[in-house]
Amino acid sequence: MKRFVAACFAAPIALVFAAPLATARDGDEAKPAASAANEYTANSVSKQMRGTFGGKSVSYTATVKEEVLKDDKGTPKAAIVTTSYIAEPRDPNRPVTFLWNGGPGSGSVWLQMGAFGPKRVAIPSDAKDDGGPPYPILDNPDSLLDVTDLVFIDPVGTGFSHVIGDADTKDYWGITQDARSVAKTIRQWLSENGRWNSPKFIGGESYGTTRSATVINELEGGYNDVAVDGIILISTILDFAAGDTDDGNELGYITNLPTMATTALFHGKATAASPAQFAEEARQFAIGPYAAFLLKGQNASTQERAAVRAQLARFTGLSETYLDQADLRVSPGRFYKELLRDRGLTVGRLDSRYTGKDLDNAGEYPDNDPSFYGIDGGYTAAVNHFMRDTLGYKTDRQYVTIGSVQPWDFQKEGRTSTYFNVAPYIGKALRENSDLRVFVGQGWYDFATPFFGAEYSLTRPGFPQDRIQFHYYDAGHMMYVRDEDRAKLSADIRQFIRAR
């Protein structure tokens with residue numbers, strides 16, 4: 001995972017985690033085969049445990065289980081692994097929350113072992129590299145188990161989840177296919193655990209927020225509804241054009257600018273009272289003078305260009321000379337390399353608090369993302385140790401933290417569109433479910449899913465604003481790697497769940 005895919009900086013539909021190109025199915029050498037056309041023995045393990053979460057002592061059962069998805073003829077096609085934590089004694093009226101990560105090839109290790117599971121891996125909280133093992137695996141008092149049961153889902157091709165027999169991954173690797181399989185897994189889990197009338201929350205991080213939008217459409221968009229009480233969006237990406245800076249698309253320069261401002265402030269390249277204050281100033285400049293300038297293109301006057309250039313220098317910490325050379329349009333990839341070039345450092349994409357050192361200082365883009373290679377070793381070790389050794393899950397398969405799920409079908413419900421936006425699914429769900437609420441958590445230093453892009457997506461017409469709440473954190477894409485923000489995120493979501 002130490003290689004960096006440079007194209008992720010510019011790709012209009014970039015994977016949130018830049019993953020190396022790999023074989024289509026990691027771990028296929030251990031893929032179980034069905035013993036007969038309609039037979040497959042699901043792998044599972046359970047363990048009784050106890051912990052203190054949110055200040056409350058909780059006894060719970062941890063279960064790792066393959067949910068076997070079958071076709072209309074009853075033939076097993078896929079095994080989607082769920083890791084559930086259910087408080088004892090069991091209460092059917094207790095909330096249950098279904099969570100996943102993104103990628104779209106990412107396992108749920110990040111939210112499970114970093115934020116909300118009963119155990120977490122301790123990596124440096126101050127944006128430093130996680131180094132080598134052993135990594136401390138600690139009790140997690142910030143887990144949400146005091147207010148909700150938890151079910152972490154690994155879609156096909158992530159974690160230990162896989163297709164069965166001769167099933168084709170193309171039936172699962174796509175915006176709609178993926179959502180249908182996850183929604184089917186939720187329905188199946190509810191039936192098996194007697195939880196159809198429990199309050200329900202769904203949520204994800206990164207592309208997991210994209211998945212949340214498509215899953216809510218699968219759950220509530222038809223007649224056989226699974227009504228949901230809340231959607232939890234962490235590091236949100238719904239409208240993929242909103243953050244794109246490909247030639248001809250000016251919107252991405254607008255939505256990325258406030259994140260450039262907070263990053264420049266963090267690294268001492270700008271001056272302001274706080275990230276929140278500077279972010280708001282940057283928002284107003286971005287949607288005002290800067291947007292007007294960009295929309296005018298070559299018709300902007302010399303005086304207007306000079307005024308915008310001076311303000312851009314103030315917000316980005318970049319020189320007016322560099323900005324002029326970039327035609328006042330700096331892509332995030334260039335920003336990572338240029339901001340701290342005078343110090344011989346680059347800044348991270350997932351979390352721009354992190355810095356890295358390239359082979360040389362002359363390039364246009366960084367060699368790699370220091371905010372990913374700074375955390376991946378600890379999480380990979382932790383999830384394997386916890387699943388295999390602590391819970392006792394037996395499998396020869398490799399746990400896929402970040403895998404290649406290519407080709408991924410980005411058609412919405414079979415319709416090809418160059419404007420890929422799933423946010424309207426959430427707007428529709430809000431309008432048709434009067435109790436549904438949305439939690440949005442964003443880091444100030446996240447370029448993978450910039451906070452202003454999330455705000456843009458969810459403030460279009462058709463979104464009841466009184467049921468959408470935004471929360472901000474002093475870290476990046478995975479804000480929970482910072483101890484203070486993990487505690488804040490947990491407290492904010494705990495209050496969101498209790499307020500149902």
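**View 1. Val64 and Thr83 face each other across a strand pair.** In this predicted model, Val64 stands opposite Thr83, a residue of strand β3. The strands here are β2, covering residues 56-70, and β3, and they pair in the antiparallel sense over 12 bridges. Follow the chain from one to the other and you get a hairpin, with five residues between the two strands. Gly74 sits in that turn and has a positive phi of about 85°.

**View 2. Strand β3 has further partners, β7 and β8.** Strand β3 runs over residues 76-88, and it's mostly covered: 11 of its 13 residues are buried. Five bridges link β3 with β7 (residues 149-154), and this pairing is antiparallel. To find your way around, look for Ser84, whose bridge partner in β7 is Val151. The short stretch β8, residues 162-163, also pairs with β3 in the antiparallel sense, this time over two bridges. Here Ala79 has His162 of β8 as its bridge partner.

**View 3. Four aromatic residues gather in one cluster.** The members are Phe53, Tyr60, Tyr85 and Phe152. Phe152 turns up again in the next view, as one of the contacts of Phe116.

**View 4. Phe116 is tucked away in helix α1.** Helix α1 spans residues 109-116, and Phe116 belongs to it. Is Phe116 buried or exposed? Its relative accessibility is 1%, so it counts as buried. Setting aside residues within four places in sequence, Phe116 is in contact with Leu99, Leu111, Asn140, Ser143, Leu144, Leu150, Phe152, Ile234, Leu489 and Ile493. For a sense of scale, Pro92 is 24 residues from Phe116 in sequence, and their C-alpha atoms are 21 Å apart in space.

**View 5. Trp110 and Tyr379 make a tilted aromatic pair.** The model has 23 aromatic pairs by the rule used here. In this one, the ring centres of Trp110 and Tyr379 are 4.9 Å apart and the planes are at 40° to each other. Trp110 lies in helix α1 and Tyr379 in helix α10 (residues 376-390), so the pair ties together parts of the chain that are 269 residues apart in sequence. Both rings belong to buried residues: Trp110 has a relative accessibility of 0%, and Tyr379 comes in at 1%.

**View 6. Strands β13 and β14 run parallel, with a helix in the unit.** Six bridges join β13 (residues 437-443) to β14 (residues 468-473). One spot to look for is Gln442, which has Tyr472 in β14 as its bridge partner. Add helix α12, residues 451-458, and you have a β-α-β unit that is right-handed.

**View 7. Asp492 reaches Tyr473 through its side chain.** You'll find Asp492 in helix α13, which covers residues 483-498. What does the side chain of Asp492 make a polar contact with? The partner is the side chain of Tyr473, at 2.7 Å. Not counting residues up to four places away in sequence, Asp492 touches Phe439, His471 and Tyr473. Asp492 is buried, with a relative accessible area of 12%.

**View 8. Take residues 1-15 and 17-36 with some caution.** The protein chain averages a pLDDT of 91, and 91% of the residues score at least 70. Over residues 1-15, though, the pLDDT is below 50, and this stretch has 42 contacts in the model beyond near neighbours in sequence. Residues 17-36 stay under 50 too, with 46 contacts beyond four places in sequence. Where pLDDT is low, the predicted coordinates shouldn't be read in detail.

Technical notes. Residues numbered from 1 in each chain as written. Predicted model: local features only at pLDDT ≥ 70, side-chain atom pairs only at ≥ 80, totals over all residues. Heavy atoms only, no water. Helix = DSSP H or I, 4+ residues; strand = E, 2+ residues; numbered from the N terminus. Buried < 20%, exposed > 50% of the residue type's maximum accessible area, 1.4 Å probe, protein only. Contact = heavy atoms within 4.5 Å. pLDDT = per-residue confidence, 0-100. Pairing = 2+ DSSP bridges. Right-handed = clockwise from strand over helix to strand, strands pointing away. Polar contact = N/O pair within 3.5 Å; in protein donor to acceptor, adjacent residues only side chain to side chain. Phe/Tyr/Trp six-rings, centres within 6.5 Å; stacked < 30°, edge-to-face > 60°.
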